[in-house]
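Got the viewer open and a hand on the mouse? Let's take a walk through this one, stop by stop.

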Amino acid sequence: MYLSFYCLIYHILDKISQEYIICTVNLTNKGKYAVTAVLDLALNENNISYAKISDVARRQSIPAPYLEQIFSNLRKAEILNASRGPKGGFKLSRSSKDIMVGEIVTAVEKRMDATQCSGQGNCNAGSKCLAHNLWTELNENVNGFLMNKSLYDVLNSRSNSLNEKTNSLIASG
């Protein structure tokens, strides 16, 4: 799985004036759009009809042509089912409890890597850089997190957050 890593450079100087660069992980728009669009479908997974790309694109403010490419990848990855015709469109291929966010990201992003060397261990003139194992561990943790978070978990978490806000508004008057 590939996540784009945009490095925000923070200059941190220690006692001997060494410079450290800290990278933050940012998913590309393609990955974000894919997860958002599939969550949109998951909200209506009990509906027997297929959702049109134009409807999902409108609801989630995603360019429809771009969403077509994303849905094509998700169909090939067997995350979505497609149907042609006037009542055609897309829907989840299985329950939202069985589709992991990591699967969606993998289908559209291909691979994740925070290392400079694509995990080869040749980032420092042919050998591992000092932080190689750190970035490798970050890769594993992000991948593990995404592969253990289902669409159902994400929607359930959102629902619980909304209920808490509603309850706090009611309680505070």
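Start by selecting residues 1-24: pLDDT stays under 50 along that whole stretch, although the model has 51 contacts there beyond four places in sequence. Keep in mind that this is a predicted model, so confidence matters as you go around. Colour by pLDDT and you'll find that the chain averages 81, with 76% of the residues scoring at least 70. Among the elements, strand S2 (residues 12-13) has the lowest mean pLDDT, 43, while helix H3 (residues 64-76) has the highest, 97.

**Stop one: where two helices pack**

Leave H3 highlighted and add helix H2, residues 53-60. The two pack at an angle of about 115°, and their axes are 9 Å apart. Their crossing is right-handed. Now show side chains: which residues of H2 meet H3? Pick Ile-53, Val-56 and Ala-57, then look across to Ala-64, Leu-67, Glu-68 and Phe-71 in H3. Sorted by type, the residues of this contact come out as six nonpolar, one charged and no polar.

**Stop two: a couple of unusual backbones**

Slide along to the loop between H2 and H3 and click Ser-61. Its phi is near 55°, a positive value in a residue that isn't glycine. Is Ser-61 buried or exposed? Ser-61 is exposed, because its relative accessible area is 60% and the cut-off for exposed is over 50%.

Next, pass over H3 to the loop that leads to strand S5 (80-83), and select Glu-78 there. Here too phi is positive in a residue other than glycine, near 60°. Glu-78 counts as exposed, at 57% relative accessibility.

**Stop three: the salt bridges**

How many salt bridges does a search of the whole structure find? Three, so let's visit each. As background, side chains of opposite charge can pair when their charged atoms come close.

Select Asp-40 and Arg-59 to see a salt bridge of 2.6 Å, N to O. Asp-40 sits in helix H1 (residues 29-43) and Arg-59 in H2, so this pair ties together parts that are 19 residues apart in sequence. Turn on a surface and compare the partners: Asp-40 is buried, with a relative accessible area of 3%, whereas Arg-59 is partly exposed at 38%.

Stay in H2 and pick Arg-58 with Asp-55, whose side chains meet in a salt bridge of 3.5 Å, N to O. Being three residues apart in this helix, Arg-58 and Asp-55 are separated by about one helical turn. Arg-58 counts as exposed at 57% relative accessibility, and Asp-55 as partly exposed at 27%.

For another one, jump to Arg-94 and Glu-103, where the closest N and O atoms are 2.3 Å apart. Arg-94 is partly exposed at 29% relative accessibility, and Glu-103 is partly exposed as well, at 22%.

**Last stop: a loop between helices**

Finish at Asn-148, in the loop between helix H5 (132-147) and helix H6 (151-172). Asn-148 counts as exposed, with 61% relative accessibility. Leaving aside residues up to four places away in sequence, Asn-148 touches Met-100 and Asp-153. Draw a distance from the C-alpha atom of Asn-148 to that of Ile-99: they are separated by 9.6 Å, though the two residues are 49 apart along the chain.

Notes:
Residues are numbered from 1 along each chain as its sequence is written. This is a predicted model: local features need pLDDT of at least 70, side-chain atom pairs count only at pLDDT 80 or more; totals for chains, interfaces and linings use all residues. Side-chain values use heavy atoms; hydrogens and water are left out. pLDDT is the predictor's confidence in each residue, from 0 to 100. Helices (H or I, at least four residues) and strands (E, at least two) are DSSP runs, numbered from the N terminus. Contact means heavy atoms within 4.5 Å. Axes are lines fitted to C-alpha atoms, for helices over the stretch in contact, and angles run from 0 to 180 degrees between N-to-C directions. A crossing is left-handed if the near helix is turned anticlockwise from the far one by less than a right angle, and right-handed if clockwise. Ala, Val, Leu, Ile, Met, Phe, Trp, Tyr, Cys and Pro count as nonpolar, Asp, Glu, Lys and Arg as charged, and the others, Gly among them, as polar. Buried means under 20% relative accessible area, exposed over 50%, partly exposed in between (1.4 Å probe, protein chains only). A salt bridge is a side-chain nitrogen of Lys or Arg within 4 Å of a carboxyl oxygen of Asp or Glu.
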